[in-house]
Amino acid sequence: MNTNVISSFIAIATSISFLLLSPPSKSFYHSLFLSDSLSCNESIANHLYILTKRPHVAGSEANAEAAAYVLSTLTSYKVRSHITTYEVALTYPISRSLTLKPTPQDSPVKFDLHQDIYDGDPHADVADEVLPTFHAYAKSATVAGPVVYANYGRVQDYAVLKQMKVNVSGNVVLAKYGKIYRGDIVENAYAEGAIGVLIYTDRKDYGGGGDAKWFPDDKWMPSSGVQVGSVYNGAGDPTTPGWPSSGLCERLSDDDAEKGGEVPLIPSLPISWADGDRILRSIDGQVANDDWQGGKDAPVYKVGPGPAILNLSYTGKQVITTIQNVIGIIEGVEEPDRYVILGNHRDAWTFGAVDPNSGTAALLEVAHRMWKLQEKGWKPRRTIIFCNWDAEEYGLIGSTEWVEENREMLASRAVAYMNVDIAVQGLGFYASATPQLDELLIKATKQVQDPDNSSQSIYQSWIRSSENPKIGRLGGGGSDYSAFVQHVGVPATDISYGEDYPVYHSMYDDFIWMKKFGDPKFHRHVAVTSIWGLVALQLADEEFLPFDYLSYANELQRSVEDLKIELSEKGIKLFPLFNSIKELRMAATKIANEIKVLQDRNVWASVSKNDHYKVRELNDRLMMAERAFTDREGLPGRTWYKHLIFAPSKHNDYGSKYFPGIDDAIEKAKSINTTDLWLAVQHEVWRVSRVIKHASLVLSGQLT
């Protein structure tokens, strides 16, 4: 027989033998992760039931017990786990009172500020463990004055009041929850001269309006329901800004923390829609605009001030207390020093069935499925880290302290952070991300079945609501991705099923609400688990990181085009931004081509040692490019926020802004309109253009 033929037979036989003896591919394990054999809605429901038996606010015994449960569960799944503690400043209510005197002739009305137990409430025996309704970090003070109704308490709402010649100064503001972060409602009121703030849940927004029934008969907020929460405008422990609250650390005094400008300087209280309705009926003056009015059966909303007088009193205590982050690690076998991080917080204002423990239950289910994959032989290429944060509700404290403590390690090793705060709150899939991860999210939704329609994927249901999947951005400060993206510059995602739910942060956010209205069969929890875990697996296992910076560049281009329209007559030069984005696009194309060449070569040849080094080098460039969008000086007046592309709006911590430094400068220049302030806008344009150029240099991998 011909020698060449024999050689060919030997080569084929060797190849077949290699294929038969080689372990399953990573994609095999990824498909297995999504299989029905590993999915279990019952175990998710059981986790949620256990986690929500008691109210578990940060710093409480019940929350420590919840941490122990998460730790023991991860350990039972063979995830190497530990607890990291911090000593942080948290506040709790001591006393509250609210009295209304509708007119000088009327007797005062004293509100009981109490959330009622509902018929058949299985948590009635622990209802007294729910903290009295309050705002965390609210100023302790007693104030009295006429009431002014300010709609949602936004900057534009106060502009309307000024047009109506309504003076807020020296008065108590009544504002509705919604649209913006409650801390910004208080800060905006203070800026207008208000002496105190009440924030209520309007029935039109949260109570279903008109004839709607409310929980437990329907999903809506009961008349006594109150949305509690923090009014702190920073991130992390307010007494340790920028450094971790570990051990006997340096700590600001209360006075110095107040001077930082992120702790409120006037008292505030959250109240129910029933109490808000009673106050609104006592306000006279001009009739509010149509879009400020309530729903069916609501009184006519007027803006005041007065004649009603409110006496608001709040006393809180600030204590240094221990919080606990639970950290679990599955170590990578090829690149153990590259971290793919999944995070969710555990602490809740009350029972927390939706916020946050639907996410905690999903996190534990991801860990469970990965344990099953390990039993079948799967080993991640990169290290996977599970993080269950504490004290998120107070101001993203657990995650921020951990990121500040591990900043340098994360800056050099973190591939991406994937957040799930609320896993399920209703219908429909919602996602936010830094732009290079968009395609990865979309790909995952194409592989996961729609929990509400088994004939289609989540992607198919997603695009039916709009022509293209709508992916939000992570500029807001609403959850634990903030420190990763906005402080360090780590690519990130945040996903959820449903958007907004009426009993948010009230004592009615319990297991019964979830079982009846949020996710009766817990199939949506399974879907979120599948997408979350699949994205993590692909980030942990793919040889080349699945990052798309070309889409990032294209989105930045669209944002600058919008900016061009906004600044068309202001004399601001935008060519630095356009030029730097062009360079980013070229660098993104270059690295994509480099990866393709290497992939094509390795299809037909064994991977050489040099190729391993090249893969690592390319991945490092992809991983570090997001860091380059940060600037060590941070945003003007908000130096903790280092990211110049994404950060919260100055007047709405929940809001996401492109180029926040430019946006803040524009708002200031528009309000005062001086040459120096418009020059400040131009300076911010140059700053952003520089970080975009830095990102393009990182992607290109070449020194200038």
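The following conversation concerns cavities, a pocket, a helix and one lysine in a predicted model.

Colleague: Why is Lys650 called partly exposed?

Modeller: The relative accessibility of Lys650 is 43%. Buried means under 20% and exposed means over 50%, so Lys650, at 43%, counts as partly exposed.

Colleague: Where is Lys650 found, and which residues is Lys650 in contact with, leaving aside its neighbours within four places in sequence?

Modeller: Lys650 is in the loop between strand 16 (646-649) and strand 17 (652-658). With those neighbours left aside, Lys650 is in contact with Asp184, Arg638 and Asp664. Contact means heavy atoms within 4.5 Å.

Colleague: What makes Ser43 and Leu48 buried residues of helix 3?

Modeller: A residue is buried when its relative accessible area is under 20%. In helix 3 (residues 41-51), the buried residues are Ser43, Ile44, Ala45, His47, Leu48 and Leu51.

Colleague: What do the buried residues of helix 3 pack against?

Modeller: They pack against four helices: helix 4 (61-76), helix 10 (357-375), helix 17 (511-518) and helix 18 (523-541).

Colleague: Why is the largest cavity called a cavity, and what is its volume?

Modeller: The term cavity applies because a 1.4 Å probe fits at its points but cannot get out. The volume of the largest cavity is about 50 Å³. Its lining includes Gln115, Phe134, Trp349 and His505.

Colleague: How many residues in the lining of the largest cavity are nonpolar, polar and charged?

Modeller: That lining has six nonpolar residues, three polar residues and no charged ones. Asp, Glu, Lys and Arg count as charged, and the lining consists of Gln115, Val130, Leu131, Pro132, Phe134, Val228, Trp349, Thr350 and His505.

Colleague: What makes three residues in the lining of the second largest cavity charged?

Modeller: Asp and Glu belong to the charged class, and Asp355, Glu393 and Asp509 are among the residues that line this cavity. The lining also has two nonpolar and three polar residues, and the cavity holds about 30 Å³ of space.

Colleague: How do you know where the second largest pocket lies with respect to domain 1 and domain 3?

Modeller: Domain 1 (27-88 + 320-451 + 506-541) and domain 3 (549-700) both give residues to the lining, so the pocket lies between them. The volume of this second largest pocket is about 1000 Å³. Of its 32 lining residues, the closest to the centre are Arg381, Asp541, Glu542, Glu543 and Phe544.

Colleague: Which helix supplies the largest share of the lining of the second largest pocket?

Modeller: Helix 20 supplies the largest share, nine residues. By class, the lining has 17 nonpolar, seven polar and eight charged residues.

Technical notes: Residues numbered from 1 in each chain as written. Predicted model: local features only at pLDDT ≥ 70, side-chain atom pairs only at ≥ 80, totals over all residues. Heavy atoms only, no water. Helix = DSSP H or I, 4+ residues; strand = E, 2+ residues; numbered from the N terminus. Buried < 20%, exposed > 50% of the residue type's maximum accessible area, 1.4 Å probe, protein only. 1 Å grid on protein atoms, 1.4 Å probe; cavity = no way out; pocket = protein on both sides within 12 Å on 5 of 7 lines; lining within 4 Å. Points joined across faces, edges and corners; volume = space filled by probe spheres on them. Domains from an automatic or database assignment.
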